[in-house]
Amino acid sequence: MLTGAAEVYVQPSDLDQEELLMTLGDVLTQVAAGHTDGHRCPICENAELSCTEAHGEVTVTCAACRLDFHGWLG
Ligand SMILES: [Zn+2]
């Protein structure tokens, strides 16, 4: 589970943090499981996400819509 997403930076201003977590839920689950490649951005659907997971910190960014998500696995 992703908990305590204390820092969420997201440019698409029509999404609040809760909506973002729901929208990214599947991606975050996959990234947390180590599958960081091949996720299409669920927000703009125009680009592949750049995802990393290291020491429980998950980042998901999209070059197309400027999504910039940081969260921590708890
Ligand atoms: Zn995007």
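**View 1. Strand S4 of this predicted model shows its two faces.** Val58 and Val60 point to one face of S4 and are buried, whereas Glu57, Thr59 and Thr61 point to the other and are not. That fits a general pattern: in a regular strand, side chains alternate between the two faces of the sheet. Buried here means 20 or more other C-beta atoms within 10 Å of a residue's own, exposed means 12 or fewer, and partly exposed is in between, with C-beta atoms placed from the backbone. Strands are DSSP runs of E with at least two residues, helices are runs of H or I with at least four, and both are numbered from the N terminus. Residue numbers start from 1 along each chain, as its sequence is written. Since the model is predicted, local features need pLDDT of at least 70 and side-chain atom pairs count only at pLDDT 80 or more, while totals for chains, interfaces and linings use all residues.

**View 2. Val60 sits among its contacts in the largest nonpolar core.** Skipping neighbours within four places in sequence, Val60 is in contact with Leu24, Val27, Val31, Leu49, Cys51, Leu67 and Phe69. (A contact needs C-beta atoms, placed from the backbone, within 7 Å.) The core holds 14 residues, and Leu24, Val27, Val31, Leu49, Val60 and Leu67 touch the most other members. Helix H2 (25-32), strand S4 (57-61) and strand S5 (67-73) are the elements that give it two or more residues; H2 gives the most, with three. A nonpolar core, by the way, is a set of buried Ala, Val, Leu, Ile, Met, Phe, Trp, Tyr and Cys residues joined through C-beta atoms within 7 Å.

**View 3. S4 pairs with S5.** The two strands run antiparallel and share five bridges; strands count as paired if DSSP finds at least two bridges between them. Follow the rungs in S5: Thr61 has Asp68 as its bridge partner, and Thr59 has His70. The hairpin of S4 and S5 has five residues between the strands, and Arg66 takes a positive phi near 70° there.

**View 4. S3 pairs with S4 too.** This pairing is antiparallel, with five bridges, and Ser50 stands opposite Thr61 of S4. The hairpin of S3 and S4 has two residues between the strands, and His55 takes a positive phi near 55°.

**View 5. Thr52 lies in strand S3 (residues 50-54).** Thr52 counts as exposed because it has 12 C-beta neighbours inside 10 Å. Leaving out neighbours within four places in sequence, Thr52 is in contact with Thr36 and Thr59. Its C-alpha atom is 8.5 Å from that of Gly34, 18 residues apart along the chain.

**View 6. The chain as a whole has two helices and five strands.** From the N terminus the order is β-β-α-α-β-β-β. The average pLDDT (the predictor's confidence in each residue, from 0 to 100) is 83, and 78% of the residues score at least 70. Confidence is lowest in strand S1 (residues 2-3), with a mean of 52, and highest in S3, at 95. Of the 74 residues, 22% are buried.

Key. Two residues are in contact if their C-beta atoms, placed from the backbone, lie within 7 Å.
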